[in-house]
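Got the model open in your viewer? Let's walk through it one selection at a time.

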Amino acid sequence: MTRAFVFPGQGSQAVGMGRELAEAFEVARHTFEEVDDALNQRLSRLMVEGPEADLTLTENAQPALMAVSVAVMRVLASEGGVDLSKHATFVAGHSLGEYSALCAAGAFSLGDTARLLKLRGQAMQKAVPVGKGAMAALLGADLDQAQAIAADAAQGEVCSIANDNSVGQVVISGSADAIDRAIALAAERGLKRSVRLPVSAPFHCSLMQPAADAMAEALANVTISAPVVPVVANVTASAVSDPNTIRRLLVEQVTGMVRWRECVLYMKEQGVERLVEVGSGKVLAGLTKRIDKDLAAVSVGTPADVESFLKTL
């Protein structure tokens with residue numbers, strides 16, 4: 001079966017993440033220790049013990065989610081000989097998950113990935129004063145409907161598509177007042193439901209330009225190797241392997257739309273039959289079923305998941 005390995009983004013974090021992996025596998029413990037050392041922070045303790053409010057902070061959630069994803073990949077390699085160059089056609093990740101995908105595929109070192117994501121989280125948080133930006137999920141909307149609502153709600157302010165997650169789940173981002181207008185418009189136009197998201201900044205819109213500038217500077221000083229399999233980039237929904245192109249697209253990703261629905265459909269069009277979600281939670285597997293019910297998806301994040309998955313190889 002032709003597979004792609006995919007890596008979750010923010011929102012998949014939960015207190016206790018990684019605990020069972022660390023208890024069961026030495027390679028997972030070492031992965032968490034390596035991230036702690038790279039950040040000079042006891043992130044692994046925060047992952048296991050919380051508090052949830054601190055784990056949810058963007059600057060912590062981003063490297064924490066990556067750490068769990070990479071730990072799972074290393075467990076799969078040590079326990080079952082999983083090798084992306086042999087067992088996958090593509091890797092892809094949702095927003096910060098793109099960094100996890102690139103690390104898993106050998107484009108970044110683990111230490112560099114952790115430091116980049118810490119900086120990314122800090123820069124995204126600093127880009128817009130708290131309360132000035134917002135995000136909302138438009139449930140029941142397709143991309144065209146959501147774009148029309150965002151355009152009509154903008155009224156000179158920023159309001160744009162942040163994530164095209166699946167049919168019926170599009171996320172918008174921008175100025176807080178514009179997002180509120182969009183929610184009201186969505187109700188007027190008969191959408192099923194629209195809700196503000198509990199996030200601290202308006203990700204993936206032009207208000208994030210200061211964060212994009214910070215990431216451009218950071219990425220310019222980091223070594224990027226060609227990944228062992230192509231990554232399907234968020235902003236183009238197509239495969240890329242060239243390090244300089246990867247660097248450019250990661251900068252564009254900060255302000256650009258996450259074209260996740262298109263990424264998944266692209267991988268299916270290229271012959272992928274099964275998506276393997278690696279890390280915390282089951283969000284991407286759930287989205288896959290809504291994007292294309294004929295595309296198989298499985299989540300691997302616990303020792304039991306690892307054992308079950310390895311039997312399918």
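Select S206 to start: with 46% relative accessibility, S206 counts as partly exposed. That label covers the range between buried (under 20% relative accessible area) and exposed (over 50%), worked out with a 1.4 Å probe and protein chains only. Before you click on, know that this is a predicted model, where local features need pLDDT of at least 70 and side-chain atom pairs count only at pLDDT 80 or more, while totals for chains, interfaces and linings use all residues. Residues are numbered from 1 along each chain as its sequence is written, and side-chain values use heavy atoms, with hydrogens and water left out.

S206 sits in the loop between β6 (193–196) and α11 (209–220). Those names come from DSSP runs, numbered from the N terminus: helices are H or I runs of at least four residues, and strands are E runs of at least two. Which residues does S206 contact, leaving aside its neighbours within four places in sequence? They are V158 and T255, where contact means heavy atoms within 4.5 Å. Try a distance label between the C-alpha atoms of S206 and V158: you should get 7.2 Å, although the two are 48 residues apart along the chain.

Stay in this loop and pick H204, also between β6 and α11. H204 is buried, with a relative accessible area of 3%. Its phi is positive, about 55°, although H204 is not a glycine. Most residues other than glycine have a negative phi, and most peptide bonds are trans.

Now jump to A237, in the loop between β7 (231–232) and β8 (239–240). A237 has a positive phi too, near 55°, and is not a glycine. At 8% relative accessibility, A237 counts as buried.

For an unusual peptide bond, go to G50 and P51: the bond from G50 to P51 is cis, with omega near 5°. P51 lies in the loop between α3 (43–49) and α4 (52–56).

**Salt bridges**

Side chains of opposite charge can pair when their charged atoms come close. A salt bridge here is a side-chain nitrogen of Lys or Arg within 4 Å of a carboxyl oxygen of Asp or Glu. How many salt bridges does that rule give? The count is twelve; let's visit some.

- Show R42 and D36, whose side chains form a salt bridge at 3.9 Å, N to O. D36 is buried, at 8% relative accessibility.
- Show E252 and R248, a salt bridge whose closest N and O atoms are 3.0 Å apart. Both lie in helix α12 (residues 243–255), four residues apart, which is about one turn of the helix. E252 is partly exposed at 35% relative accessibility, and R248 is partly exposed too, at 45%.
- Show D292 and K268, which meet in a salt bridge at 2.7 Å, N to O. This pair links distant parts of the chain, 24 residues apart: D292 is in the loop between α14 (283–291) and β10 (296–300), and K268 is in helix α13 (residues 260–269). D292 is buried, with a relative accessible area of 13%, whereas K268 is partly exposed at 32%.

**Along α13**

While you're at K268, colour the buried residues of α13: W260, R261, C263, V264, Y266 and M267. Just after the helix, G271 takes a positive phi of about 105°.

Next, select D164 in strand β4 (residues 159–166). Is D164 buried or exposed? D164 is buried, with a relative accessible area of 1%. Not counting residues up to four places away in sequence, D164 touches several residues, including L143, Q169, V170, W260 and R261.

**Two helices side by side**

Last stop: show α5 (residues 58–80) and α8 (residues 110–127), whose axes come within 7 Å and cross at roughly 155°. Axes are lines fitted to C-alpha atoms, for helices over the stretch in contact, with angles from 0 to 180 degrees between N-to-C directions. The two helices are therefore roughly antiparallel; angles over 145 degrees count that way, while under 35 is roughly parallel, 65 to 115 roughly perpendicular and the rest oblique.

To see the contact, pick P63, M66 and V70, among the residues of α5 that take part, and L110, L117 and M124, among those of α8.
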